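Work through the exercises below with the sequence and the model in view. Each task is followed by a solution in steps.

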Amino acid sequence: MATRPIIGLSLDSEGPGGFSKFPWYALRQNYFTSVVAAGGLPVALPHEEALVEPYLDRLDGLLVTGGAFDVDPALYGATEAHPEVTLKEARTGFEWAATKGALERGLPVLGICGGQQLLNVVLGGTLIQHIPDELPHALQHEQENSRDEAGHTVAVTPGTLLHDICKADELSVNSAHHQAVKATGAGVAVNATAPDGVIEGIEDRRHEFCLGVQWHPEFTIDAGDARIMEAFVAASR
């Protein structure tokens, strides 16, 4: 068997209660199994910001995961936070440092859902803080049906890395977010949009592999989802 590239996955974190009476880390199993299926060796990354450099020394690729929280609006220049904004400062601090460091080292980076939003901010972009308030006629981006089913489609922009990977003009995706990319940073391209115009994917071709998608390809709802994971792991090899 060929050597599997080591893929670091950022964990989610919760305070006491539920699984444990003490603070705990967690991440859905399919994040890991999708990396394994794509040929990678997944490892979990606790939020130790002081250890970002030693982590990156050992990684071949970085996957920034999603979660039920938001990037601090102050990081993209907002002076106020919407009432629906929920912060996890230690997680964001770690993911910010890890993403920035990975890009500086030329490591492949894949941002999923909230990870795509953080990637956009690291690259100089901004976010819509609450879609229903800023875009009242938008689709339901927090779908009511199961997250392992499609919520809507996205149009994939021809000529982008995402289009090259998926070989499709349209993908069926799930939708589990109340925020979205508002403006991209300089040099960052939009590679997918929802029917209502909401940005669903970004990429930066100045890096060998720097891709963010708003949906969750680890659920493998569309054939393109597996191709995204495979391309990410292949770039990390």
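**Exercise 1: Surface and charges**

Task: State how much area the chain exposes and what share carbon and sulfur atoms supply.

Solution: The exposed area of the chain in this predicted model is about 10600 Å². Carbon and sulfur atoms supply 53% of that area. Turning to the charges, the chain has 15 positive and 32 negative ones. The mean positions of the two sets lie 7 Å apart.

**Exercise 2: Overall form**

Task: Decide whether the radius of gyration of the chain agrees or disagrees with that of a compact globule.

Solution: Start with the length, which is 237 residues. A compact globule of that length would have a radius of gyration near 18 Å. The chain has 17 Å, so the value agrees. Next, take the C-alpha trace: along its principal axes it spans about 50 × 45 × 35 Å. Buried residues, those under 20% relative accessible area, make up 50% of the chain. Finally, consider contacts between residues at least 6 apart in sequence: 68% of them join residues at least 24 apart.

**Exercise 3: One strand and its partner**

Task: Determine which side chains of strand β9 are buried and which residue stands opposite L171.

Solution: The chain contains 7 helices and 13 strands. Strand β9 covers residues 170-173. In a regular strand, side chains alternate between the two faces of the sheet. In β9, L171 and V173 point to one face and are buried. E170 and S172 point to the other face and are not buried. Strand β8, residues 152-156, runs antiparallel to β9, and 4 bridges join the two. Within this pair, V154 stands opposite L171.

Conventions
Residues are numbered from 1 along each chain as its sequence is written. This is a predicted model: local features need pLDDT of at least 70, side-chain atom pairs count only at pLDDT 80 or more; totals for chains, interfaces and linings use all residues. Side-chain values use heavy atoms; hydrogens and water are left out. Buried means under 20% relative accessible area, exposed over 50%, partly exposed in between (1.4 Å probe, protein chains only). Two strands pair if DSSP finds at least two bridges between them. The radius of gyration is taken over C-alpha atoms; the globule rule is 2.2 Å times the number of residues to the power 0.38. Contact means heavy atoms within 4.5 Å. Accessible areas come from the Shrake-Rupley method with a 1.4 Å probe; for residues, only the protein chains shown count as cover. Lys and Arg count as positive and Asp and Glu as negative; His and the chain ends are not counted. The place of a charge is taken as NZ of Lys, CZ of Arg, CG of Asp or CD of Glu.
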